Amino acid sequence: MSIMKNFLSMIIILCVSLNWCLTEGAEKRESGQVDFYTIQVSSLFPSSSSCVLSSKGSNTKSSLRVVHMHDACSHLRSNKDARRRIDHEEILRRDQARVESIHSKLSKNNADGVSMTKSTELPAKDGTTIGSGDYIITIGIGTPKHDVSLIFDTGSDLTWTQCQPCLESCYSQQEPIFNPSTSSSYQNVSCSSPMCGNNPSCNSDTNCRYGIRYGDGSFTVGVLAKEKFTLTNSDVLDNIYFGCGKNNTGTFNGAAGILGLGRGKRSLPTQTATTYNNIFSYCLPSSASNTGHLTFGSAGVSGSAKFTPFTSFPIPSLYGITIVGISVGDKKLEITPTTFSTYGAIIDSGTVITRLPTKVYAELRSVFKEKMSSYKATSGRDIFDTCYDFTGLDTITIPKIAFSFAGGTVVDLAGIGILYPLTRSQVCLAFAGDNEHIPAIFGNVQQKTIEIVYDVAGGRVGFAPNGCS
């Protein structure tokens, strides 16, 4: 450990966010590039019941506050939840289910994962899943507005919420279920509407019905409707198409439904393109005691955002990107132009852990382990195979990981985007290897504290550091 002490004695620390510091010193390259982070181990774990609000989520036009539903800032978290440990096994199980369902959907090439149907029968499993990203926002639906908390998801198109009366079943949610009969602006959508799609079983004189079954077994069935959506006091949107769920079941952890941010015609960004120019951005909070933001339009978008083009993807609703390089500290991985070209990559708010092709992950893991050799290794868990025991340590120094995208955009992951803490004695590298014949997925752990800008109209996605402040 003497080497580590000597290294720490030479560093100059630049704090980049609460409890997270970027270190400069012995490992600083001639170019000025910093290759390591020094992190307070305590900052990896929930330690406070207080909530620090994001200035962007509070002060920016057309901006909603983003919280993780199990964190201190979430109003969906009960006192019982506050006392209960986070169920990492369940989070990782659902995350793997989402990844597998994306693969399944690729094999079926289901365009949007939504079936519009006259009956209440569910479509065959469509390969989508809500996963376990579980970042939520709160919006108002109806007149007068009824507040609902929805999981926002770039992998889904149709926004839906549970509706009264529940014809068969509704799962338990924290807030009262929306009752369309109390809203003066609610309208059912007929089968003749273009938004209903071409379904031979749907008669023009009947209401359009929808059904979505997710990869983890959850589902929602109901009617397609139009309603007034209130994002903020100054952002009120009329005639937004959404799903009014009458029969719903699954693990949505108390949220009322889904806010669809995909690329399909039923997604909220597409429906509001004339208002917000098909641009939205978000920043996922760094810790349990912080909030992030989801912002529609270009207001407040960081001028430091660096963009990379979207690429075409077999599932049109998903956002394809091109990864051209990955570095761990001062080491660039051996990635060729063909490494990701066959099956591509996507950026996804609902996948938790970034998935990489097996060979790429193996090299990333090898370099990371080499640079972490001074720390005590411990056993893996679930999808994690590279874990460390940080018991008794106040700070740790880890190699920086950076992704390079097409167009020359380089994104440095925050320290919290590199490690996944299970316990102090088991903190793991937050990446996983996957089959070579599937797309890579840039997950939400790696997106934390970065402002992600989806300029759908411009065909590009941008990244800006320190995006929640």
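Accessible areas are obtained by the Shrake-Rupley method with a 1.4 Å probe, and for residues only the protein chains shown count as cover. On this basis the accessible surface of the protein comes to about 18700 Å², of which 49% belongs to carbon and sulfur atoms. The structure is a predicted model, in which local features need pLDDT of at least 70 and side-chain atom pairs count only at pLDDT 80 or more, while totals for chains, interfaces and linings use all residues. Residues are numbered from 1 along each chain as its sequence is written, and side-chain values use heavy atoms, with hydrogens and water left out.

## Overall make-up

The secondary structure comes to 8 helices and 32 strands, where helices (H or I, at least four residues) and strands (E, at least two) are DSSP runs, numbered from the N terminus. Of the 469 residues in the protein, 57% are buried; here buried means under 20% relative accessible area, exposed means over 50%, and partly exposed lies in between (1.4 Å probe, protein chains only). Among the contacts (heavy atoms within 4.5 Å) with a separation of 6 or more, residues 24 or more positions apart account for 72%.

## Two open sheets and a helix

Two strands pair if DSSP finds at least two bridges between them. In one open sheet, 4 strands follow the order E22-E23-E28-E27 with antiparallel pairing. Its edge strands are E22 (376-378) and E27 (419-423), each of which pairs on one side only. From one strand to the next the twist averages 35 degrees; for such angles, axes are lines fitted to C-alpha atoms, for helices over the stretch in contact, and the values run from 0 to 180 degrees between N-to-C directions. Helix H7 (residues 358-371) packs on this sheet and touches E23, E27 and E28, its direction making about 130 degrees with that of E28. Within the sheet, strand E23 (residues 387-389) and strand E28 (residues 426-429) pair in the antiparallel sense over 2 bridges, and Tyr388 has Val427 in E28 as its bridge partner.

Another open sheet of 4 strands has the order E19-E18-E25-E26, again with antiparallel pairing. Strand E19 (331-332) and strand E26 (409-412) are the edge strands here, each pairing on one side only. Strand E18 (residues 323-328) pairs with E19 in the antiparallel sense over 2 bridges, and the bridge partner of Ser327 in E19 is Lys332. Helix H7 also lies across E18, E19 and E25, where it runs at about 20 degrees to E18.

## Aromatic rings

A pair of aromatic rings is described by the distance of the centres and the angle of the planes. Rings of Phe, Tyr and Trp (its six-membered ring) pair if their centres lie within 6.5 Å, and planes under 30 degrees apart count as stacked, over 60 as edge-to-face and the rest as tilted. The structure holds 23 aromatic pairs, including the two in this table.

| Pair | Distance of centres | Angle of planes | Class |
|---|---|---|---|
| Phe280 and Tyr454 | 4.6 Å | 5 degrees | stacked |
| Phe405 and Phe442 | 5.8 Å | 90 degrees | edge-to-face |

The pair of Phe280, in strand E14 (residues 279-283), and Tyr454, in strand E31 (residues 451-455), links distant parts of the chain, 174 residues apart. Phe280 is buried, with a relative accessible area of 0%, and Tyr454 is buried, also with a relative accessible area of 0%. Both Phe405 and Phe442 are buried as well. Phe280 and Tyr454 belong to one aromatic cluster, which is formed together with Phe152, Tyr276, Tyr282, Phe296, Phe310 and Tyr319.

A charge sits over a ring if NZ of Lys or CZ of Arg is within 6 Å of the ring centre and within 35 degrees of the ring normal. The charged end of Arg263 sits in this way over the ring of Phe310, 4.9 Å from its centre, and the charged end of Arg460 sits over the ring of Phe307, 3.6 Å from its centre.

## Backbone details

Most residues other than glycine have a negative phi, and most peptide bonds are trans. The peptide bond from Thr143 to Pro144, however, is cis, with omega near -5 degrees, and Pro144 is found in the loop between strand E6 (135-141) and strand E7 (146-153). Asn277 has a positive phi of about 60 degrees although it is not a glycine, and it is partly exposed, with a relative accessible area of 49%. Asn278, with a positive phi near 55 degrees, is buried, with a relative accessible area of 13%.
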